[in-house]
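Biologist: I am new to this protein and would love a guided tour. Could we go through the terms one by one, with the reasoning behind each?

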Amino acid sequence: MKRIISAILCAAMLVVALTACGGEKAAVRLAGMTGPTGMGLARLLEDDASGTAANDYEFTLAGSADVLNPMIINGELDIAAVPANLASVLYNKTNGGVRVLAVNTLGVLYIVNTDGTVAELSDLVGKTIYATGQGAAPEYALRYVLTQNGIDPDADLTIEWKTEPTEVVSLMATGEGTIAMLPQPYVTVAQTKVENVTPVIDITEEWNNIGGDGMCLTGVVIATADFVEKNPDAVKAFLKEYEASINYANENVPEAAQLIGKYEIVAAPMAEKALPHCNLAYIGGEEMKTALEGYLTVLFDQNPAAVGGKMPADDFYYVG
């Protein structure tokens, strides 16, 4: 009898040991930004806090990409949600040391109007638009959409570039500006502060109407090449959870908004209003490569510096 009990006990201990080894989580230094690019992380962060996430995430939230850039370059982060063109810039700055895992946000730029004078792109001719993002992706997206529709952005209209979206909203509040290009969630912010602010042109929709392989994108999630190579299972687990987290945000807006507010990505009331218009999406594999490569090509053709001086090679794209 003692031998039987001893054998059972040893077997039980072996099972416990194997379970413990199999249940060991990978440590992942994860980062995101305030705004739409980071909103899809909220459910994953909540799962991490409750201990149900597949990996053990150490999360950093940044108000701008400038905070994350040196951390990625210096190897202080493993995975980060960043602007789409920045992923290519970082790839070039690190000599190919970055991999893009998936698209997380499509376009979030909208032309808004307060006086009913704009309904389509052709109505912008002769007008003044207030916008932010000069020398960055928003400017290139606007120029691309205008030129592809036969409108010269330098001759047919005036674009007044401002530093911050809040500055544009203030100009609209004073009545100085009646037409603006704003990203979400600042479109929603403007609607709460200024009467009659109406989104009239969706830049993403206009981009997609042009055709071609690329899509109008805002954000992607990247990882260091070293982390991907050394932790393939952790990367796959992250992507599975991340896709589920993005889907949760799209399908459970009120609940997701509370989590987005909890993790200080966007204030909950604003997140709830803006989420349906933020175009959160999960696109991976070859579809991601096609969409992102086309987008980066559009930016490169306007200004190579927008993607880091040259187009990234095929190893930039993680296709699983």
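**A tour of two sheets**

Modeller: Let us start with one pair of residues: Leu 106 stands opposite Leu 217 in β10. Please keep in mind that this is a predicted model.

Biologist: What makes β4 and β10 a pair?

Modeller: Two strands pair if at least two bridges are found between them. Strand β4 (residues 98–106) and strand β10 (residues 217–224) have seven bridges, in the antiparallel sense, so they count as a pair.

Biologist: And what joins β4 to β11?

Modeller: Three bridges join β4 to strand β11 (residues 280–284), and the two run antiparallel. One bridge partner to look for in β11 is Leu 280, which sits across from Thr 105.

Biologist: Why is β4 called mostly covered?

Modeller: A residue is buried when its relative accessible area is under 20%. In β4, nine of nine residues are buried. For the chain, buried residues make up 50% of the 320 residues.

Biologist: Which strands make up the sheet that holds β4, and in what order?

Modeller: It is an open sheet of six strands with the order β2-β1-β3-β10-β4-β11 and mixed pairing.

Biologist: Why are β2 and β11 called edge strands?

Modeller: Each of them, β2 (56–62) and β11, pairs on one side only. From one strand to the next, the twist averages 25°.

Biologist: How do you know that the pairing is mixed?

Modeller: Compare two pairs: strand β1 (residues 27–33) and β2 are parallel over seven bridges, whereas β4 and β10 are antiparallel. In the β1 and β2 pair, Ala 31 has Thr 60 as its bridge partner in β2.

Biologist: Which helix packs on this sheet, and what does it touch?

Modeller: Helix α14 (residues 285–302) packs there, touching β4, β10 and β11. Its direction makes about 110° with that of β11. Angles of 65 to 115 degrees count as roughly perpendicular, so α14 is roughly perpendicular to β11.

Biologist: Now for the other sheet: what is its strand order?

Modeller: That open sheet has five strands, in the order β7-β6-β8-β5-β9, again with mixed pairing. Its edge strands are β7 (158–162) and β9 (198–202), each of which pairs on one side only. The twist here averages 30° from one strand to the next.

Biologist: How do β5 and β8 pair?

Modeller: Strand β5 (residues 109–113) and strand β8 (residues 179–183) are antiparallel over five bridges. Val 112 has Ala 180 as its bridge partner in β8.

Biologist: How is α7 placed against this sheet?

Modeller: Helix α7 (residues 165–174) packs on it, touching β5, β6 (128–132), β7 and β8. The direction of α7 makes about 150° with that of β8. Angles over 145 degrees count as roughly antiparallel, so α7 is roughly antiparallel to β8.

Biologist: And what angle does α9 make with β9?

Modeller: α9 lies across β5, β8 and β9, and runs at about 20° to β9. Angles under 35 degrees count as roughly parallel, so α9 is roughly parallel to β9.

Biologist: Why is α6 called oblique to α9?

Modeller: The axes of helix α6 (residues 137–148) and helix α9 (residues 203–210) come within 10 Å and cross at roughly 50°. That value lies outside the parallel, perpendicular and antiparallel ranges, so α6 is oblique to α9. The crossing is left-handed.

Biologist: Which residues meet there?

Modeller: From α6 come Ala 141, Leu 142, Tyr 144, Val 145 and Gln 148, and from α9 come Ile 203, Glu 206, Trp 207 and Ile 210. These contact residues divide into seven nonpolar, one polar and one charged.

Biologist: What makes the bond between Gln 184 and Pro 185 worth a look?

Modeller: It is a cis peptide bond, with omega about 5°, whereas most peptide bonds are trans. Pro 185 is found in the loop between β8 and α8 (186–193).

Biologist: And what is the phi of Asn 196?

Modeller: Asn 196 has a positive phi of about 65° although it is not a glycine. Most residues other than glycine have a negative phi. Asn 196 is found in the loop between α8 and β9.

Biologist: How do you know that Asn 196 is exposed?

Modeller: Exposed means over 50% relative accessible area. Asn 196 has 56%, so it is exposed. Glu 264 also has a positive phi, of about 60°, and with 61% it is exposed too.

Key: Residues are numbered from 1 along each chain as its sequence is written. This is a predicted model: local features need pLDDT of at least 70, side-chain atom pairs count only at pLDDT 80 or more; totals for chains, interfaces and linings use all residues. Side-chain values use heavy atoms; hydrogens and water are left out. Axes are lines fitted to C-alpha atoms, for helices over the stretch in contact, and angles run from 0 to 180 degrees between N-to-C directions. Helices (H or I, at least four residues) and strands (E, at least two) are DSSP runs, numbered from the N terminus. A crossing is left-handed if the near helix is turned anticlockwise from the far one by less than a right angle, and right-handed if clockwise. Contact means heavy atoms within 4.5 Å. Ala, Val, Leu, Ile, Met, Phe, Trp, Tyr, Cys and Pro count as nonpolar, Asp, Glu, Lys and Arg as charged, and the others, Gly among them, as polar. Buried means under 20% relative accessible area, exposed over 50%, partly exposed in between (1.4 Å probe, protein chains only).
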